[in-house]
Amino acid sequence: MSPLAAVLRGAGFASLLLLAGCGFTPLYATPDLGAGLAAVEVTTPEGRAGALLREQLDDALGRRASSAPAYRLDVALSELRYPRGVRVDNVATRYEYVLTAAYTFSAAAPGEALKTGKVRVELTYDSADQPYASVIAQQDAQARAAQEAARRIHLELAAFLAGQGS
């Protein structure tokens, strides 16, 4: 083993000992966090982006349809598409797709808002000369944006519930 590898290994062990001594607790070590996330009912607007986001959130949160929801997550979406990379003939070769998801997290029964937030996902995609390829590229961008928005909302809700002690 090289001297550098030995130093790095020792530094890794030292950092683990420091974390153990300072009371660090991983996010998912919080008791009942998974059960709290699985009890979230997600509502999104109609349309492809809403359906994609709801599907991604249900998967990320581990939603169990058999159990009664303890929380409700209402999401409002805004989609924008900007032409970028315009050619000499004024045809865009790239687009920027922006998905903004504003959400309200509340208890299912009383409906009082526990947390509100907004996530914004920006990405670009190529626009092909063939119409079908261009539509597929746009749909792929929409799916990737919904996946990233769901990931960010999931993390924000997990941190909130962990701070509340579920």
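The protein chain contains four helices and four strands, and the model that shows them is a predicted one. If you follow the sequence from its start, these elements appear in the pattern α-α-β-α-β-β-β-α. Of the 166 residues in the chain, 30% count as buried, while the surface that the chain exposes comes to about 9,800 Å², with carbon and sulfur atoms supplying 56% of it. Among the contacts with a separation of 6 or more, 62% are accounted for by residues 24 or more positions apart.

A good place to look next is a pair of helices. Helix α3, which covers residues 48–61, packs with helix α4, which covers residues 131–164, at an angle of about 40°, and their axes lie 8 Å apart. Since an angle of this kind falls outside the ranges for roughly parallel, roughly antiparallel and roughly perpendicular, α3 and α4 are therefore oblique to each other. Their crossing is right-handed. On the side of α3, the contact is made by R48, A49, L52, L53, Q56, L57, A60 and L61, and on the side of α4 by residues including Q139, A143, A146, I153, H154 and L157. Sorted by class, this contact has 12 nonpolar, five polar and one charged residues.

From the helices we can turn to a single residue, S78, whose place is in strand β2, residues 71–86. S78 has a relative accessible area of 34%, and because values between 20% and 50% count as partly exposed, S78 belongs to that class. Leaving aside residues up to four places away in sequence, S78 touches V98, L99 and T100. The C-alpha atom of S78 is also separated by 9.3 Å from that of R120, although these two residues are 42 residues apart along the chain.

How values were computed. Residues numbered from 1 in each chain as written. Predicted model: local features only at pLDDT ≥ 70, side-chain atom pairs only at ≥ 80, totals over all residues. Heavy atoms only, no water. Axes fitted to C-alpha atoms, helices over the stretch in contact; angles between N-to-C directions. Helix = DSSP H or I, 4+ residues; strand = E, 2+ residues; numbered from the N terminus. Parallel < 35°, antiparallel > 145°, perpendicular 65-115°, else oblique. Left-handed = near helix turned anticlockwise from the far one by under 90°. Contact = heavy atoms within 4.5 Å. Nonpolar A, V, L, I, M, F, W, Y, C, P; charged D, E, K, R; others polar. Buried < 20%, exposed > 50% of the residue type's maximum accessible area, 1.4 Å probe, protein only. Areas by Shrake-Rupley, 256 points an atom, 1.4 Å probe, with all protein chains shown as cover.
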